[in-house]
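The exercises below are meant to be worked with the structure open beside the text. Try each task before reading its solution.

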Amino acid sequence: MRAAPHAPRRSPACGRRLLPAALALGLLAGPAPGLHAQQPAPTGAAAATVPAPGTAVAGPPVREATLRQLGVDYAIQLRGTSGAVGIPFSVRADELVTGGSLRLNYTFSPALIPALSHLKVSVNDVVLATLPVDPAAAGRPQTAEIAIDRRLVTEFNRLVVELVGHYTRDCEDPNHSSLWAAIDSGSTLRLSVQPLTLDNDLRLLPVPFFDRRDVGRLTLPFVLPAGAAPEVLEAAGIVASWFGALAGYRGARFPVSEDTLPTDGHAVVFATPQALPAGVAMPPIDGPQLAVAPMPGHAQRKLLLVMGRDATELRSAASALALGSPALAGAQARIAGFEPPPARKPYDAPRWVPSDRPVQLGELAQAQDLNVSGYAPDVIRVNLQLPPDLFTWRSHGMPLALHYRYTPRVRPDQSTLNINMGQSFIGAVPLRAANTLHDAWWNPFALPLLPDGTVAEKKTVQVPPQLLAPSSQLRLHYYFEPSAGKCQPLLANVRGAIDPDSTLDLSGLPHYIAMPDLAAYANAGFPFSRLADLADSAVLLPPAPTAQDLGLYLGLMGQIGRSTGYPALRLRVGDVRRPAEVADKDLLVLGDLDRQPLFGEWRARMPLSQPAADTQRLELPGWLRRALDIVAGSRMRQDLPQAAQLDLRGAGRETAVLAGFESPLRPGRSVIAVVAEPGQGDKLLDALQTPELLQRVQGSMAVVREGRVESVLGGQPYYVGRLPPLTWLQWQLSRNAFMPALLALAAAALAAAVAYAGLQRRARRRLE
């Protein structure tokens with residue numbers, strides 16, 4: 001692919017790196033909603049004065065977020081003589097900070113000496129304020145307003161609150177229990193900002209449509225032609241999955257409008273010569289093209305134009321955008337000679353841990369994030385996105401080969417390297433003392449010191465298979481037991497590191513899973529994400545889909561892109577009137593009960609039934625299977641209810657249902673049905689993008705209603721994947737106690753028949 005000759009030639013754009021699944025900084029435990037940039041109100045004048053690029057416009061809004069929204073969703077406890085917490089915040093590229101403040105809510109220990117103790121607040125290593133310790137307010141909640149100089153704020157910033165605490169003027173224990181201060185995660189950061197007008201330049205992509213500096217949820221309107229063809233919807237799905245991959249943990253929404261521009265924010269426009277949005281001065285369309293243009297009347301708001309002479313060229317332009325060619329530059333570029341990349345292989349999604357080879361931890365985390373220092377070091381976190389269909393039955397565990405380094409201890413103590421998977425403890429490796437390292441010429445167990453003063457060791461531990469969830473986090477924590485006594489300061493030069501060549505090996509596990517399993521879909525987009533480009537997937541929308549249907553479809557594509565980290569380049573949008581054309585694919589079927597005919601046609605195969613079309617009532621069958629066939633065995637879970645009833649009339653219509661079942665068109669293929677009543681699609685996306693609700697999406701059906709998720713197990717299970725023959729036989733035998741006995745009887749009967757035939761033959765020979 002190359003840019004057309006008329007496109008301006010500029011230096012190649014920076015690579016578009018996909019964001020990690022969590023904000024990687026110090027003590028932050030995970031992502032949370034954050035600051036949202038507020039756009040100025042529309043002026044309504046199409047001929048409004050356009051500011052020069054890079055200049056500020058009037059009307060500064062205020063961005064406001066609590067520390068909880070910035071990611072600190074836990075109680076902050078500062079302990080010791082110099083306990084500190086770091087909180088990141090950032091500023092969008094299209095904003096200029098004009099001022100800021102921090103409302104800090106805190107409490108401190110009554111044992112602190114006022115003359116020697118205080119709280120220090122800084123931004124980017126510049127002290128903003130020192131808060132004295134008032135004995136009259138000790139132990140009670142306090143509030144302080146701290147101004148932030150706008151000159152200290154850059155693109156990426158770090159707010160640090162540090163306790164400098166002392167409880168005695170004599171020798172003190174630096175880890176004494178009286179040395180503490182608590183910071184309320186409801187403390188508020190406010191920034192006054194002015195929107196900036198950026199250049200119309202494709203090199204800036206994905207800015208300003210997505211800005212990694214903004215930790216808030218991405219909301220990006222899409223403008224589609226009325227009655228868009230399936231190929232146009234496929235192009236929109238490609239772009240939505242790309243933005244969903246970029247947004248990562250933030251989540252993404254793509255509200256849809258047909259032929260009209262949104263009232264606020266940036267937008268993505270899909271256009272052909274036959275379907276042009278109203279009010280936009282479109283350039284001549286002579287092939288697949290991409291362009292960035294100002295919103296009419298609002299220069300600081302941008303339009304990303306995806307254009308083509310027909311739906312096929314529109315899809316080529318969308319694919320080129322998602323793949324991020326460095327040839328994209330200038331306000332407009334024509335895509336010439338686009339060639340799609342090779343088809344993806346199963347389970348090779350960029351964000352998934354490879355399951356066909358050992359993977360190095362350096363492939364999953366930055367090298368600097370694998371190093372810690374100090375007596376209270378941060379936890380080393382490695383995020384793991386695993387294929388959800390790993391078959392771990394009778395597995396002894398997955399080998400984790402750790403290569404680690406640390407400052408040796410002065411004498412033997414309780415220092416360890418603790419290994420956890422999420423909150424679950426796996427094991428602890430002792431850290432050896434320095435006195436075992438001397439006299440290496442005669443001590444066969446001595447380890448040589450490295451030039452940096454550390455020692456290197458290796459240890460292989462087995463990760464229990466039950467701890468491997470689709471979204472997991474390996475946590476490695478160095479615990480250095482304080483060796484200083486009273487009046488002896490702690491040394492600050494202790495260090496620990498995990499070498500990037502440490503490996504986790506999943507290659508011994510086959511892919512085999514009992515379906516339906518909505519947890520696999522909700523957490524990893526499975527089975528659609530088995531191929532990262534969604535080549536084995538198709539979407540079936542209701543006839544004449546509404547803007548809400550399309551917004552839900554694009555939101556789900558963004559959710560799958562978030563799981564795989566790759567755009568849906570080969571997704572198929574099928575014709576609901578001819579579902580047999582996509583019978584060989586896994587199907588995502590969307591709509592409500594009134595407008596999606598497949599819900600009525602397939603109700604006998606779904607884990608729910610609809611007794612009458614005019615009653616708007618969904619009901620699980622009364623004959624729910626409590627056990628499978630005796631020969632096949634049972635896999636029914638006991639932790640989920642196996643019967644439920646759902647009434648969608650009246651207030652009950654404020655409901656969205658997610659259901660999974662085997663495809664009626666092809667055995668072994670899966671269907672995920674999204675039954676969303678009008679206006680309820682956003683609630684389903686909320687459930688999939690909220691960790692507390694996401695973990696409740698399980699079984700074969702999940703009901704989202706009134707901020708709750710209720711999961712149900714029903715319908716007949718089926719299996720996807722393949723096991724080695726011997727493992728398959730063992731698995732089948734283990735599922736039913738009668739199977740071994742039946743096989744033994746069959747083997748005995750066969751042996752008896754063979755022996756009888758042999759004896760009969762021998763008897764005939766003797767008679768002859």
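**Exercise 1.** Against which helix and which strands do the buried residues of helix 2 pack? Work out also whether helix 2 is largely enclosed by the rest of the structure or not.

*Solution.* Keep in mind that this is a predicted model. Begin with the cut-off, since a residue is called buried when its relative accessible area is under 20%. By this rule the buried residues of helix 2 include Ala 311, Glu 313, Leu 314 and Arg 315 towards the beginning of the list, and Ala 320, Leu 321 and Ala 322 towards its end. Next, look for their partners: these buried residues pack against helix 1 (230–247), and also against strand 16 (267–271), strand 17 (289–295), strand 18 (298–307) and strand 19 (332–336). Finally, because 10 of the 13 residues of helix 2 are buried, the helix is largely enclosed by the rest of the structure.

**Exercise 2.** What span should the 13 residues of helix 2 have at 1.5 Å a residue, and how far apart are its end C-alpha atoms? Describe as well what is found at the start of helix 2 and what follows it.

*Solution.* The expected span is 1.5 Å times one less than the number of residues, so for helix 2 (residues 311–323) it comes to 18 Å, and the end C-alpha atoms are 18 Å apart, which agrees. At the start of the helix, Asp 310 brings a side-chain oxygen to within 3.1 Å of the backbone nitrogen of Thr 312. After the helix comes Gly 324, which has a positive phi, near 70°.

**Exercise 3.** Does Asp 575 count as buried or exposed, and which backbone nitrogen does its side chain reach? Classify Gly 362 in the same manner.

*Solution.* Asp 575 is found in the loop between strand 32 (572–574) and strand 33 (586–591), and since its relative accessibility is 15%, it counts as buried. Its side chain reaches the backbone nitrogen of Arg 577 at 2.9 Å. Gly 362 belongs to the loop between strand 20 (358–360) and strand 21 (371–373), and because its relative accessibility is 33%, it counts as partly exposed. Although Gly 362 and Ser 502 are 140 residues apart along the chain, their C-alpha atoms are separated by 7.6 Å.

**Exercise 4.** In what order do the four strands of the open sheet lie, and which are the edge strands?

*Solution.* The order is 22-27-24-25, with antiparallel pairing. Strand 22 (380–385) and strand 25 (424–430) are the edge strands, as each pairs on one side only. From one strand to the next, the twist averages 15°. Strand 22 is joined to strand 27 (residues 471–479) by six bridges, and Gln 385 stands opposite Ser 471 in strand 27.

Notes:
Residues are numbered from 1 along each chain as its sequence is written. This is a predicted model: local features need pLDDT of at least 70, side-chain atom pairs count only at pLDDT 80 or more; totals for chains, interfaces and linings use all residues. Side-chain values use heavy atoms; hydrogens and water are left out. Helices (H or I, at least four residues) and strands (E, at least two) are DSSP runs, numbered from the N terminus. Buried means under 20% relative accessible area, exposed over 50%, partly exposed in between (1.4 Å probe, protein chains only). Contact means heavy atoms within 4.5 Å. A polar contact is a pair of N or O atoms within 3.5 Å; within protein, one must be able to donate a hydrogen and the other to accept it, and residues adjacent in sequence count only if both atoms are side-chain atoms. Two strands pair if DSSP finds at least two bridges between them. Axes are lines fitted to C-alpha atoms, for helices over the stretch in contact, and angles run from 0 to 180 degrees between N-to-C directions.
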